[in-house]
Amino acid sequence: MSGLGRPGVAAVKWSAASTVARFALQLTAQVVLARTLGPEIFGIFAIGMVVLTFATFVSGFGFSWSLLQRETLSDEDVRFAWTWQLIVGLATTLAVYLLAPLLASYFREPRAQAVIEWLSLACLLGAAAQPATYLLQRDLNFRAVGLVQVGSYAAGYIAVGLPMAMMGRGEASLVAAWLVQVAVQLAASYALKPHAVRPLLWYADARAAVGTGHTVFFTNIVNWVLNNLDRVLIGRLLNAQSLGLYNVAYNLATMPNTLLLGALQPAFLAAGARLQNDKPRLGRAYLQMLATIVVLGLPAFVALAFVSRDIVRVLYGPAWSDAAWVLGTLFLCMPAYVIWGLSTPVLWNTGRKHYECLLQLPLLAIGALGFYLLAGRGIHVAAAVAGGLLVLRAAVVAAAAFRALDLRATALLPHALRGLLLSALCAVGALGAQHAVARFDMALLSLAAGALAAGLLPGLLLLLRPQLLGPHASDMVIRFVPGLANFLRPTAAPASALPAALGEQRP
């Protein structure tokens with residue numbers, strides 16, 4: 001039975017390595033910038049980013065996505081995608097620039113106009129970078145993808161953004177950092193994966209590419225609305241300071257998730273494209289990944305939620321204290337975000353590419369009503385609505401993925417129970433340690449004690465009874481940390497029973 005084989009494992013390992021590097025860079029840069037600039041400046045920049053993320057979806061349209069989905073590629077496929085990426089990217093850049101005054105007026109923040117105008121350039125730069133990026137992902141060359149991501153972020157935020165912030169340039173430092181990051185990503189991606197750039201407006205297979213792009217476009221629009229409703233309405237109903245507090249907490253909560261999905265989702269999508277005709281094996285791989293998330297990921301995010309107050313105090317300082325409750329609430333919902341992100345490739349690889357958009361349309365209406373009615377009550381309420389919406393999205397899309405793969409949702413129940421047990425131990429350990437050191441009123445001590453105790457209790461339990469991990473999670477751990485094989489092998493699934501898509505090739 002064929003699968004991804006060793007290249008699949010290598011791809012995810014390189015993605016994981018770049019994920020760790022990006023996480024360290026992002027955390028360092030964002031903490032220093034947040035302490036230097038404060039919530040209000042971050043709120044002004046967040047308005048620009050809300051506009052930019054929407055415009056990026058429009059400028060991307062999905063032409064380059066078809067390069068990842070096609071079984072075979074020709075120069076004409078690449079030239080067509082490249083040509084239309086540039087055309088739509090340029091049109092979007094002009095539209096955002098011209099609409100900047102109106103958009104700033106909607107958010108009642110005149111200072112956001114210049115931010116939006118400058119960020120409009122990123123629409124063109126990002127669109128131009130997409131063909132090379134997707135071609136690298138298609139090749140499972142996640143080593144190159146990871147290096148580009150880490151290098152471009154370092155160039156933008158470490159080399160440009162931080163020095164400008166130290167010089168008192170305010171929101172301009174964040175804008176410059178983003179533009180440099182996108183420009184470096186464009187140059188580096190093309191250097192690593194040169195492709196045909198001669199314009200091509202139409203060709204024989206153009207209709208199929210446009211059809212894929214059309215689906216990606218509307219799916220991205222729905223996802224953008226669901227992901228940004230909170231910030232759109234907080235920016236309108238509250239103020240830049242509230243948006244800055246909320247946005248930093250949201251970004252910090254989703255940072256591990258975004259990086260994790262950035263490592264796993266493209267590899268799983270590319271893997272699934274090769275396993276489209278092997279539904280049982282794709283189903284086993286999907287179930288194994290979800291089992292790993294609920295057994296290991298859920299306890300980790302619960303631990304983070306219970307030390308979120310200390311995280312904010314240590315990293316950002318007292319000016320950001322109101323972000324702590326938002327951070328904790330969102331941490332608790334992040335496993336749902338990962339499950340949603342790993343379920344969408346299943347729909348695409350089983351001929352259900354329209355489902356992601358259609359299934360989430362009712363949730364869009366629910367979310368819009370909830371945020372409109374409740375966002376004005378403050379960022380804490382908005383965070384609760386956002387978290388609930390993430391859980392609903394994960395449930396709906398994962399249920400569709402289970403049906404597509406002929407799996408029963410009850411297959412995940414034993415793993416969920418394991419995850420809940422370990423999560424409870426994490427919570428008890430964190431709360432107990434924080435209470436023990438509360439009299440010292442030292443944020444760093446409380447964070448260290450809480451985090452250590454949160455990992456200690458479940459760690460001791462797994463040391464005594466490693467079988468609590470379950471076969472799927474144990475097998476996944478062994479695949480990426482072979483040194484634990486002797487300790488976990490009795491609990492891992494037999495190779496013949498679980499030929500996961502991310503495993504080694506078998507005859």
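## Helix 3 against helix 4

In this predicted model, helix 3 goes past helix 4 in a right-handed crossing. Helix 4 covers residues 112–119, and its axis comes within 8 Å of the axis of helix 3, with a crossing angle of roughly 160°. The two are therefore roughly antiparallel to each other, since angles over 145 degrees count that way.

Who touches whom here? On the helix 3 side you'll find Val-96, Tyr-97, Ala-100, Pro-101, Leu-103 and Ala-104, and they meet Ala-112, Gln-113, Ile-116 and Glu-117 of helix 4. Sorted by class, that contact has eight nonpolar residues, one polar and one charged.

## Thr-92 in helix 3

Helix 3 spans residues 75–106, and Thr-92 sits in it. Is Thr-92 buried or exposed? Its relative accessibility is 7%, so Thr-92 counts as buried, the cut-off being under 20%.

If you skip the neighbours within four places in sequence, Thr-92 is in contact with Ala-55, Val-58, Ser-59 and Cys-123.

## Helix 13 against helix 14

Further along the chain, take helix 13 (residues 355–374) and helix 14 (residues 379–404): their axes come within 10 Å and cross at roughly 170°. That angle makes helix 13 roughly antiparallel to helix 14.

Helix 13 brings Leu-359, Gln-360, Leu-363, Gly-367, Gly-370, Phe-371 and Leu-374 to the contact. Among the helix 14 residues they meet are Val-381, Ala-382, Leu-389, Arg-393 and Ala-400. By class, this contact has 13 nonpolar, three polar and one charged residues.

Key
Residues are numbered from 1 along each chain as its sequence is written. This is a predicted model: local features need pLDDT of at least 70, side-chain atom pairs count only at pLDDT 80 or more; totals for chains, interfaces and linings use all residues. Side-chain values use heavy atoms; hydrogens and water are left out. Axes are lines fitted to C-alpha atoms, for helices over the stretch in contact, and angles run from 0 to 180 degrees between N-to-C directions. Helices (H or I, at least four residues) and strands (E, at least two) are DSSP runs, numbered from the N terminus. Angles under 35 degrees count as roughly parallel, over 145 as roughly antiparallel, 65 to 115 as roughly perpendicular and the rest as oblique. Contact means heavy atoms within 4.5 Å. Ala, Val, Leu, Ile, Met, Phe, Trp, Tyr, Cys and Pro count as nonpolar, Asp, Glu, Lys and Arg as charged, and the others, Gly among them, as polar. Buried means under 20% relative accessible area, exposed over 50%, partly exposed in between (1.4 Å probe, protein chains only). A crossing is left-handed if the near helix is turned anticlockwise from the far one by less than a right angle, and right-handed if clockwise.
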